[in-house]
2 protein chains.
Amino acid sequence: MWEKQNRRIVLAARPNGEPREEDFRLEAVDLPSPAQEQVLLRTIYLSLDPYMRGRMNAGPSYAPPVEVGQVMEGGTISAVVESRSPDFVPGDVVLGYTGWQEYAVAAGSSLQKLDPARAPVSTALGVLGMPGLTAYTGLLNIGQPKPGETVVVAAASGAVGSVVGQIAKIKGCRAVGIAGGKRKCEFVLHDLGFDVCVDRHNASFPQDLKAACSKGVDVYFENVGGRVLNVVLPLMNRFGRVPVCGLIAQYNATGLSPGIDRVPALMGAILSKRLTFRGFIVTDFAAQKDDFERDMIQWLRADKVRYREDVVEGLESAVAAFQGLLKGRNFGKLLVRLAPDPTRD
Amino acid sequence: MWEKQNRRIVLAARPNGEPREEDFRLEAVDLPSPAQEQVLLRTIYLSLDPYMRGRMNAGPSYAPPVEVGQVMEGGTISAVVESRSPDFVPGDVVLGYTGWQEYAVAAGSSLQKLDPARAPVSTALGVLGMPGLTAYTGLLNIGQPKPGETVVVAAASGAVGSVVGQIAKIKGCRAVGIAGGKRKCEFVLHDLGFDVCVDRHNASFPQDLKAACSKGVDVYFENVGGRVLNVVLPLMNRFGRVPVCGLIAQYNATGLSPGIDRVPALMGAILSKRLTFRGFIVTDFAAQKDDFERDMIQWLRADKVRYREDVVEGLESAVAAFQGLLKGRNFGKLLVRLAPDPTRD
């Protein structure tokens, strides 16, 4: 086993617009050795998430960028191979942030041990992890859904959107999803139990969304940006809330958008309808993690929340899978499986 | 006296862009007579405020529009001429909402009796009235200023902006004003006691504002819209708050703004800096009126809040004065005096 090398994907160049194959490089390097208090990990699942596009850019955002030549960052589920930490033994399955690579060394203090009896370990990257916590905290703290209100969320079959709509239902709201394509819409409607799901690929999307929101929109959970906001804005009710969680539609933008400046219309709507727009990052609400896990485990066990994973195989699939994620090609929480899941396979 | 007629200004046509003289009509009609529970009022001061531009448009906003042929709406200070209400006697000075006219009949229940010993009665239309309450509630509820933070407000010599900056100072913040022209800036700095005031007429305005906000901007009180927001946005600190109170710069817009769509940049800033934008109307916080009056009277008496009025004479001056208001030509709270102020003159 120690003859094995660590294969990893590094950022080769900062993408200009859509990330291309050449912006990444697959490398093979010697396996690292854990120092005191560290463990050697073998990655089982790598999470692919839209925020990673931002980390590929230079310049300040809410987190420092990945440097060129550095391993791409990302959340992972791993098996402990060798431990020099008193808290872990080989075979433990842990949640970490070790990036796009097959092996990694990490401080024991940076890892969270997972209990496979609680839920499939992969959910720690999805419904029970960062995307689920994002949906939960953004919707409840900023969206503040009240029974009978209408909650709209885009990317409704995705890792965050699927949870937003299901929590909206639990809170007594009407949940209106937006998704791309008939299969996703049917999943959102029938499997996730939204009240309605509107296909944004249809030419009649604006009319369809309006018809789906006959009492207007009280909460629009903004996780896509772009044209969906333009369509939702006229439907917003007075005192509506817009948690701003992600803007995947504009992550690949390379410059300013010519055309019409919609800021006056947006500000006019904020004023006349007394809307609240508030951006957030999941870490802003880290203190609510215990509440979230308690609620979500209960909802999963009661079948009130369901989830879907889209698992691709092998590190070499990661770049294409990530490119597809930015285009909405995934169907459910996107994961790359780098090694067999010992708790499942 | 009963031979006198009531002169009034009605909306003659809905303005397309900037209101023109021809969009209004000065009429003379018979004096109305008060019915039971009503009073006949003679207007002393008419308040002119930016929100009136919105009322001239058709279509729903936060209040119904003024209909063509109807008297223009507006807050007023009036003297009671004749009373059929048990609550008022001739000579009482009252705050009402009787519009652009020299006389009016109003229900006693719609009026608030003013005590000239408390403060000059005209302040009930300004620092102690709707503009003051707007500044107070928007800044404190949405802006939530904390000691040491930087608060930026445009139209800083105006009825709302002047109060925003002075309350910011009272709350221990750095107050940065934006005003048009040297005279206004000197007034904001020396008379109102802001820390700095930046002249938006200078070509170096963006650089000047940046220099004035060396620690960034924590609260931007948005009461103008347009280009100031573009300049402030890059200066906003993480978790910054933007109470959206008015958008005078775009009230005369007749259509969509060609050029660059700045919505992606705005939404990107909201997300990455976790900003809160929230629109409000003063009536949303009506329950805080008593707190406001108690605080503001105390601040006025302690000379912690100062105000400036810009008084024009005669109903026939109202249209030109309102046109000037939309262009920032007024200097302080704009009032039209229709009759001598018996408590002062």
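Into which domains is chain A divided? Chain A splits into domain 1, covering 5–126 + 308–337, and domain 2, covering 131–301. Keep in mind as you look around that this is a predicted model.

**The two domains of chain A**

Taken over C-alpha atoms, the centres of domain 1 and domain 2 of chain A lie 27 Å apart. The two domains do touch: 16 residues of domain 1 of chain A are in contact with 15 residues of domain 2 of chain A. On the domain 1 side of this contact, the residues are five nonpolar, six polar and five charged.

**Where the chains meet**

Next, the place where chain A and chain B come together. Here 32 residues of chain B are in contact with 32 residues of chain A. On the chain B side, the elements that give two or more residues are strand S13 (257–261), helix H7 (263–272) and strand S14 (276–279). H7(B) supplies the largest share of that side, with eight residues. By class, the chain B side holds 17 nonpolar, nine polar and six charged residues.

The contact also includes strand pairing between the chains. Strand S14 of chain A, residues 276–279, pairs with S14(B) in the antiparallel sense over three bridges. If you want a spot to zoom in on, try Arg278(A), which stands opposite Thr276(B) in S14(B).

**Strand pairs at a glance**

Chain B has paired strands of its own, and the table sets them beside the pair that links the chains.

| Strand pair | Sense | Bridges | Facing residues |
|---|---|---|---|
| S14(A) and S14(B) | antiparallel | three bridges | Arg278(A) and Thr276(B) |
| S3(B) and S4(B) | antiparallel | seven bridges | Thr43(B) and Ser78(B) |
| S4(B) and S5(B) | antiparallel | four bridges | Thr76(B) and Gly96(B) |

To find these strands in chain B, look for S3 at residues 38–47 and S4 at residues 76–83, then for S5 at residues 93–96. S4(B) is paired with S3(B) and also with S5(B).

**Buried residues**

The largest nonpolar core has 215 residues, and among them Val232(A) and Val232(B) touch the most other members. Leaving aside its neighbours within four places in sequence, Val232(A) is in contact with Val152(A), Val217(A) and Tyr220(A).

Is Leu335(B) buried or exposed? Leu335(B) counts as buried because it has 25 C-beta neighbours inside 10 Å. You will find Leu335(B) in strand S16 of chain B, residues 333–337. Beyond its neighbours within four places in sequence, its contacts include Tyr45(B), Leu46(B), Ser47(B) and Ser122(B). Leu335(B) and Ser122(B) are 213 residues apart in sequence, yet 8.4 Å apart in space from C-alpha to C-alpha.

**A helix with two faces**

Helix H4 of chain A, residues 182–191, makes a good last stop. Its buried residues include Lys184(A), Cys185(A), Phe187(A) and Val188(A). These four cover an arc of only 160 degrees around the axis, so they sit on the same side of H4(A). The buried residues of H4(A) pack against strand S9 (174–179) and strand S10 (196–199) of chain A. On the face turned away from that buried side are the exposed residues Lys182(A), Arg183(A) and His190(A). Just after H4(A), Gly193(A) takes a positive phi of about 80 degrees.

How values were computed. Residues numbered from 1 in each chain as written. Chains lettered and ligands numbered in written order. Predicted model: local features only at pLDDT ≥ 70, side-chain atom pairs only at ≥ 80, totals over all residues. Core = buried A, V, L, I, M, F, W, Y, C linked by C-beta atoms within 7 Å. Buried ≥ 20, exposed ≤ 12 C-beta atoms within 10 Å, placed from the backbone. Contact = placed C-beta atoms within 7 Å. Domains from an automatic or database assignment. Nonpolar A, V, L, I, M, F, W, Y, C, P; charged D, E, K, R; others polar. Pairing = 2+ DSSP bridges. Arc of directions from axis to C-beta.
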